[in-house]
Amino acid sequence: MAPEVSSTVDAGSVVLSDRATHLLLAVTGSDGPSWLPWLMVGLFGVVMAISWTIQRHQRRELHEALNRFVDRHDGWHLQAWPCGVHADQLVGRFEATPRGDRRYGVESAVGGPAEMEISGATVQCQVACFVWFHERRRTQRSRGRRGRTTYDRRTELVAMCQLPVHTHRAVSIRPESPLGRVGLSRSGQQLESEAFNRRFRVEGRDRALVVTLLDAGLQELLAADYGERGIELSDDLLVLSGEPTHRDRSLAGIAQTYPAILQDLTRLVRSIPPPFWRALAFEGPTPDTAPPPPPSPQDR
Amino acid sequence: MEYLLAIALPLVLVLVGFVLSYNRFVAQLASIDATWANIEGELQRRHDLVPNLVETVRGYARHEQRVLEQVTEARAQAIAAVPTTVPIEQQARAEDALTQGLTSLLAISESYPELKSDAVFRDLQRQLVETEDRIAAARRLYNLEVASYERRRRSVPSNVVAGVVGFEARRMFEIRDPAAEHSPHVPR
């Protein structure tokens, strides 16, 4: 009985092997030599392995670059919560941190204390640079078939500063739409500078606060140097989003943009006019106004 | 019937456009009046601060009688220019004169360290600067509203509506920025 069973098993394995070969031949669409499908599988595996290796190398390089960047600043470290704020508290709060359709979150976050010039005084604030990612649903419809849903991963570069004052009314300054730029569908608050109005859409419930913030100097600065950037204020957080023009080539990946966006954030805070801070009852650099460090910064 | 429709339809469209344009003018004028009321409120607050400021300075610097009288006189003129019958330019010049007087008054504190460190004087100066910040913001909002109104009043086709109804020109309120002159150079 035993040899019969063995022969049956052998025969079965031959049949299965033939079927697999036919299947692979059908996939490759070739009537070539029998080893060709295996070669294709092998090549596919090699490509996958190379891709995985490259990605792993890039991740390691980025991690090293982020560590090199934080080493340049005293008290900075890699963070899971930028400025001590969890991703769930950021999502949907700013236009730079949308919810998307599936996953969202913070990655490559670094942060720590930084000296900011507020109303002529030097104040230490918590600052963070990070990438906000979210996924957008995309459905491809074809005739006679059900739609195929895929998710696009989108990212936004963000620099965030925890201010020593609270803006009880949110202010948003975002790039104007193409139609708005030609003056066809301009929404939001219009200000004195036409160049500024063409570039930015300003929204804020407290119009007096918006006008106080956007004095002639800041309008000119934003129109000249922050054209495609977004600036948002909500409670004690100031968010600057969008890609800076400069890159630090000594760093790798997204970390290349961090020195420039941090510099842009510092310049922006310095350029905010003193009446804005006075309107928010900023009392100067007393120990009470220095924000505490993030509650649970988790080193990665 | 078709002829009637061909004549009536454009007429209705023109009428609807006229009404919409008219209503927008009315809304703009209401907004201009509201922002002007804000300015007047803040100017009034500034006028109210001046006597206390003058008295506080007088306590430390009796010899600066000329400056004190100049500020008091400028305040009286500024108050006299508040009614709506006074042209807006005249009111602006009266406020500028008061700003100039207050600048001289605050400059006195540089010569009197005791006055400069007086808590009441510092508090009054802070209130003055905050009030002037609000005046600056309200003035810019008012001028933005006036600019938008004047743009529509002169543009085609809304200029037709403005001409038929007789919407009059509004003038901007241009004054020197007092907060920039009176804010302390070092942060509080």
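A salt bridge, in the sense used here, is a side-chain nitrogen of Lys or Arg within 4 Å of a carboxyl oxygen of Asp or Glu. With that rule in hand, we can start with one pair in chain A of this predicted model: the side chains of A:R138 and A:D152 meet in a salt bridge, with 3.7 Å from N to O. A:R138 belongs to strand β3 (residues 121-140) of chain A and A:D152 to strand β4 (residues 148-175) of chain A, so this pair ties together parts that are 14 residues apart in sequence. Both partners are partly accessible from outside: A:R138 is partly exposed, with a relative accessible area of 42%, and A:D152 is partly exposed as well, with a relative accessible area of 23%.

Strand β3 of chain A also holds A:E135, and here the surroundings can be followed in some detail. Is A:E135 buried or exposed? Its relative accessible area is 6%, and because buried means under 20%, A:E135 counts as buried. Leaving aside neighbours within four places in sequence, A:E135 is in contact with A:G100, A:D101, A:R102, A:R103, A:Y151, A:D152 and A:R153. Among these residues, A:R102 is joined to A:E135 by a polar contact of 2.8 Å between the side chains, while A:D152 is the residue already met as the salt-bridge partner of A:R138.

It helps now to step back and look at chain A as a whole. Its secondary structure comes to 9 helices and 6 strands, and of its 300 residues, 41% count as buried. If we take the contacts in chain A with a separation of 6 or more, residues 24 or more positions apart account for 68% of them. One of the helices, α2 (residues 36-71) of chain A, has 36 residues and reaches 52 Å from its first C-alpha to its last, which is close to the 52 Å expected at 1.5 Å a residue. Within this helix, A:P37, A:A65, A:L66, A:F69 and A:V70 are buried.

Other salt bridges link parts of chain A that are separated along the sequence, and over all chains the structure holds 31 salt bridges. In one of them, A:D248 pairs with A:R72, the closest N and O atoms being 2.9 Å apart. A:D248 lies in the loop between β6 (230-241) and α8 (258-271) of chain A, and A:R72 in the loop between α2 and β1 (77-79) of chain A, so the pair ties together parts that are 176 residues apart in sequence. A:R72 is itself partly exposed, with a relative accessible area of 43%.

A further salt bridge joins A:E95 and A:R201, whose closest N and O atoms are 3.7 Å apart. Since A:E95 lies in the loop between α3 (87-90) and β2 (104-118) of chain A and A:R201 in strand β5 (residues 200-204) of chain A, this pair ties together parts that are 106 residues apart in sequence. The two partners fall into separate classes of accessibility, for A:E95 counts as partly exposed at 37%, whereas A:R201 counts as buried at 19%. To see why A:R201 is placed among the buried residues, recall that buried means under 20% relative accessible area.

Helix α8, which we met as one boundary of the loop holding A:D248, contains A:D264. A:D264 is buried, with a relative accessible area of 16%, and, not counting residues up to four places away in sequence, it touches A:Y226, A:R229, A:L240 and A:P244. The C-alpha atoms of A:D264 and A:A159 are separated by 9.0 Å, although these two residues are 105 residues apart along the chain.

Finally, we can turn to the place where chain A meets chain B. Here 11 residues of chain B are in contact with 18 residues of chain A. The size of an interface is often given as the accessible area lost when the parts come together. The area buried between chain B and chain A is about 1200 Å², of which carbon and sulfur atoms give 50%. Between these two chains the count is 3 salt bridges, including the one that B:D133 forms with A:R278, where the closest N and O atoms are 2.5 Å apart. On the side of chain B that touches chain A, the largest share, 7 residues, comes from helix α5 (residues 119-154) of chain B. By class, this side of chain B has 6 nonpolar, 1 polar and 4 charged residues.

Note on methods
Residues numbered from 1 in each chain as written. Chains lettered and ligands numbered in written order. Predicted model: local features only at pLDDT ≥ 70, side-chain atom pairs only at ≥ 80, totals over all residues. Heavy atoms only, no water. Contact = heavy atoms within 4.5 Å. Buried area = accessible area lost by both parts, 1.4 Å probe. Helix = DSSP H or I, 4+ residues; strand = E, 2+ residues; numbered from the N terminus. Nonpolar A, V, L, I, M, F, W, Y, C, P; charged D, E, K, R; others polar. Expected span 1.5 Å × (residues − 1). Buried < 20%, exposed > 50% of the residue type's maximum accessible area, 1.4 Å probe, protein only. Polar contact = N/O pair within 3.5 Å; in protein donor to acceptor, adjacent residues only side chain to side chain.
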